[in-house]
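Q: Before any term is applied to this predicted model, could the reasoning behind each label be set out step by step?

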Amino acid sequence: MLLDRTCSYPIFFNKRWCFMKKLLCFLLVIILGSGIYGCGSNTKKEYSSHEFLMDTIITITVHGSDEKTLKDDVKKAMNEFKRINIITNRFPEKGTPEYAKSEICKINENAGLKPVAVSDDVFNMVESSLFYGDMSGGAFNIAIGPIMDLWGFGSNNMHVPEAADISARLKVDKIDNIVLNKVDKTVFLKDKGMILDLGGVAKGYAAQKVADVLRAEGIKEGLIDAGGNIVVIGEKNNTDPWRIGITDPRKTDNYIGVLQLVDEAAVTSGDYQRNFTENGITYHHIINPNTGFPAGGTWSVTVISKDSGLADILSTTLFILGPEKGLDFIKKIEGVEAVFVGADKKIYMSEGIKDKFEITGNKYVLGK
Ligand code: AMP
Ligand code: MG
């Protein structure tokens, strides 16, 4: 997802101007050394910080009047993202301090053995994932770990697995085999080989927690950019909606249109975000739990909601359901909108977003 942060120029002009402006700001940041620079007036300041976490660059940007406070708030917020990253990471090496701190590793290690007590954060993520997993008829399935591993996603060895291996896993990797105990706050995987994978929810949940921290610190204007996950706080410059470009899934340095957001999250799932090509066929990382193969029918889907964690669950879910079933599905959930790019090269969107999303260019036509 691209960010259009200049806003008031025609879009093709914007891109060059945007780049120039970003470059200037970047240089300014280096010159000042502090990462803080003036933002249009003498009183308004902007502070940004970046970290590479959850396989993507996380950028937190805030506006306010006091430089030191902005810096402290962003540090606190980034630490919150790091905390969620640590407890949800399923890839640290056994025996390392990271492994010991990962609640997901603990759950997976105890699969088929015993329930594991977890933090409220992990419990909430698992509980919501199971709720929407159930509601989607199993399309969202956080028990997808072994199938992800068969494909080699998350490693340097991505490849098409043996069909027999996939069908063996499909029998057990079902959400019904994840047992929650609400009183003890435990998670139990019934089968020994099961592996929980929060890749479809953790980034959005973490971005929401970051926004919560910033809001609690009194930040009225800010933006969290976690790869395909965006959360905006308030309005830009206290007057205008933030303008967020949705990436063109077939030309990722371009965008298909611009969303206007105020105090909302926009989360995109796309087949371009992680994939590999074998024998001329490209396979991506969002798996249809009915087949064990990458879901077809969608190139990308962006979900807009007040809650970034929910938007993340739903973006993955809608990607699997496809435009027709997906748009039907979100009618049942209040305050959620979506914009699809279908594999038929058409853009589909929900009613409530039509006046807040502007298609740019004519590469994709509007579907019915
Ligand atoms: P996202 O980019 O939010 O759509 O998340 C994609 C990630 O979610 C993948 O890299 C997997 O970790 C995980 N995943 C893949 N397929 C599914 C699925 N059917 N249900 C839940 N999580 C999935
Ligand atoms: Mg997701």
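A: One definition is needed at the start: Ala, Val, Leu, Ile, Met, Phe, Trp, Tyr, Cys and Pro count as nonpolar, Asp, Glu, Lys and Arg as charged, and the others, Gly among them, as polar. Sorted in this way, the shell around ligand 1 comprises eight nonpolar, seven polar and three charged residues.

Q: What makes a residue part of the surroundings of ligand 1, and which residues are the closest?
A: The test is that one heavy atom of the residue lies within 4 Å of the molecule. In the model, 18 residues surround ligand 1, and the closest are Asn141, Ser269, Ile287, Asp312 and Thr316. Helix H9 gives the most to this shell, with three residues.

Q: Why is the approach of Asn141 to ligand 1 called a polar contact?
A: The label requires a pair of N or O atoms within 3.5 Å. A backbone N or O atom of Asn141 lies 2.8 Å from a nitrogen atom of ligand 1, and therefore this pair falls within the cut-off.

Q: How do you know that Ser269 and His285 also make polar contacts with ligand 1?
A: A polar side-chain atom of Ser269 lies 2.6 Å from an oxygen atom of ligand 1, while for His285 a polar side-chain atom lies 3.1 Å from an oxygen atom of the ligand. Both distances are within 3.5 Å, so both pairs count as polar contacts. As for the ligand's surface, ligand 1 taken alone exposes 500 Å², of which the protein buries 94%.

Q: Why is Ser308 called buried or exposed?
A: Buried means under 20% relative accessible area, and Ser308, at 0% relative accessibility, therefore counts as buried. Ser308 lies in helix H9, which covers residues 308–330. Leaving aside residues up to four places away in sequence, Ser308 touches Gly204, Ala207, Gln208, Asn229, Val231, Ala265 and Val267.

Q: How do you know that the span of helix H2 is close to the expected one?
A: The expected span is 1.5 Å times one less than the number of residues. Helix H2 (residues 67–88) has 22 residues, for which 32 Å is expected, and its first and last C-alpha atoms are 32 Å apart. Among the buried residues of H2 are Leu70, Asp73, Val74, Ala77 and Phe81.

Q: What share of the protein chain is buried?
A: By the under 20% criterion, buried residues make up 54% of the 368 residues in the chain, which contains nine helices and 21 strands.

Conventions
Residues are numbered from 1 along each chain as its sequence is written. Chains are lettered from A and ligands numbered from 1 in the order in which they are written. This is a predicted model: local features need pLDDT of at least 70, side-chain atom pairs count only at pLDDT 80 or more; totals for chains, interfaces and linings use all residues. Side-chain values use heavy atoms; hydrogens and water are left out. Helices (H or I, at least four residues) and strands (E, at least two) are DSSP runs, numbered from the N terminus. Buried means under 20% relative accessible area, exposed over 50%, partly exposed in between (1.4 Å probe, protein chains only). Contact means heavy atoms within 4.5 Å. A polar contact is a pair of N or O atoms within 3.5 Å; within protein, one must be able to donate a hydrogen and the other to accept it, and residues adjacent in sequence count only if both atoms are side-chain atoms. Accessible areas come from the Shrake-Rupley method with a 1.4 Å probe; for residues, only the protein chains shown count as cover.
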